[in-house]
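Trainee: I've got a model open and I'd like to talk it through with you. Can we go piece by piece?

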Amino acid sequence: ERIDGQTIMDRFLKNISQSNINTPPPNNDLLLFSNKDNDVRITAKILYHIHQKSIPEMPEQAVMIKDRISRASYLTQKEKQFLCRIVDNLPSGNSLCHGDPNPGNFIIRAGKPVIIDWMNATTGNPAADIAEYIIMIKYAVLPPEIADSCGEFFDGIRDVIIKTFLDEYMSLSNMEYEEIEQWLIPVMAGKLSADAISDKEKRLLVEEIRKKLKNLL
């Protein structure tokens, strides 16, 4: 089915271009923060709704993450093996997980959100999906066609977006941040084998992974 509408990513970029980028939220009228049903909170609600479903015949999340780590050319073999052992020791789950919850996969159609691109969907722990979203917001490198002023504005609100998202999701799920935090390193490592992110972003992730692994290896 073709889904016609505007992605949350497109709404976000359009809103930045129309807003006073010199005024940080919450005083800025950016759609992201202007009401309690803003785009960040909508994203959290959709993910929570997805995570209430269970489809046992889906691929296993841990298996998919370890496969991605094994194909990450930016890591040494020792690092890959260690990261895969971390995944083996993390709590599994039986929830439907999207696997790529970036704002470009959330489309608003006739006022209602629809999520697309299920090729990375698995059965597993919702905390890994949340870790994926946090990493994407925190480390994403914006396309070069985005104006420098917009990029600087986005850099200034990354933490606000994450805090808003976590506030909504954790209030719905009662999930603790510690449950999410333990997935950050392996999910970062898994992203290194993705074709959709730039080398610059991958270098940022590698730097962060090695910083976190420094006292563990």
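What follows is a chat about the helices, the sheet, the core and the salt bridges of this predicted model.

Trainee: Let's start with helix H3. Which residues in H3 are buried?

Mentor: H3 spans residues 61–70. The buried ones sit on the same side of the helix, because they cover an arc of only 140° around the axis. They are Gln61, Met64, Ile65, Arg68 and Ile69.

Trainee: And what covers the buried residues of H3?

Mentor: Both helices and strands take part. The strands include E2 (95–97) and E5 (122–124). Among the helices are H4 (77–88), H5 (126–139) and H8 (184–191).

Trainee: On to the sheet. Which strands stand at the edges?

Mentor: It is an open sheet of 3 strands in the order E1-E3-E4, with antiparallel pairing. E1 is joined to E3 by 2 bridges, and 4 bridges join E3 to E4. Each edge strand has a single partner strand, so one side of it is left without a neighbour in the sheet. The edge strands are E1 and E4.

Trainee: Which residue stands opposite Gln6?

Mentor: Strand E1 covers residues 6–7, and its partner E3 runs antiparallel to it. Opposite Gln6, in E3, you find Ile108.

Trainee: Which residue in the turn between E3 and E4 has a positive phi?

Mentor: E3 (residues 106–109) and E4 (residues 112–115) run antiparallel, and Arg109 stands opposite Lys112. The two strands form a hairpin with 2 residues between them. The residue with a positive phi, about 50°, is Ala110.

Trainee: Now the inside. Where does the largest share of the largest nonpolar core come from?

Mentor: That core has 54 residues, and those with the most contacts inside it include Leu83, Ile130, Trp183 and Ile209. The largest share is 10 residues, and it comes from H5.

Trainee: What is Ile209 in contact with, leaving aside its neighbours within four places in sequence?

Mentor: Ile209 is one of the residues with the most contacts inside the largest nonpolar core. With those neighbours left aside, its contacts are Leu83, Ile185, Met188, Ala189 and Leu192.

Trainee: Salt bridges next. How many residues apart are Glu79 and Arg210?

Mentor: Their side chains meet in a salt bridge at 2.8 Å, N to O. The pair links distant parts of the chain, with Glu79 in helix H4 and Arg210 in helix H9 (residues 199–213). The separation is 131 residues.

Trainee: Is Glu79 buried or exposed?

Mentor: Buried means under 20% relative accessible area. Its partner Arg210 is partly exposed at 35%. Glu79 has a relative accessible area of 9%, so it counts as buried.

Trainee: What about Arg158 and Asp155: which of them is partly exposed?

Mentor: The two side chains meet in a salt bridge at 2.9 Å, N to O. Both residues lie in helix H6 (residues 148–173), 3 residues apart, about one turn of the helix. Arg158 is buried at 12%. With a relative accessible area of 48%, the partly exposed one is Asp155.

Trainee: Last one: with which residue does Glu208 form a salt bridge?

Mentor: In general, residues three or four places apart in an α-helix point the same way, because a turn takes 3.6 residues. Here both partners lie in helix H9, 4 residues apart. The closest N and O atoms are 3.5 Å apart, and the partner of Glu208 is Lys212.

How values were computed
Residues are numbered from 1 along each chain as its sequence is written. This is a predicted model: local features need pLDDT of at least 70, side-chain atom pairs count only at pLDDT 80 or more; totals for chains, interfaces and linings use all residues. Side-chain values use heavy atoms; hydrogens and water are left out. Buried means under 20% relative accessible area, exposed over 50%, partly exposed in between (1.4 Å probe, protein chains only). The arc is that of the directions from the helix axis to the C-beta atoms. Contact means heavy atoms within 4.5 Å. Two strands pair if DSSP finds at least two bridges between them. A nonpolar core is a set of buried Ala, Val, Leu, Ile, Met, Phe, Trp, Tyr and Cys residues joined through side-chain atoms within 4.5 Å. A salt bridge is a side-chain nitrogen of Lys or Arg within 4 Å of a carboxyl oxygen of Asp or Glu.
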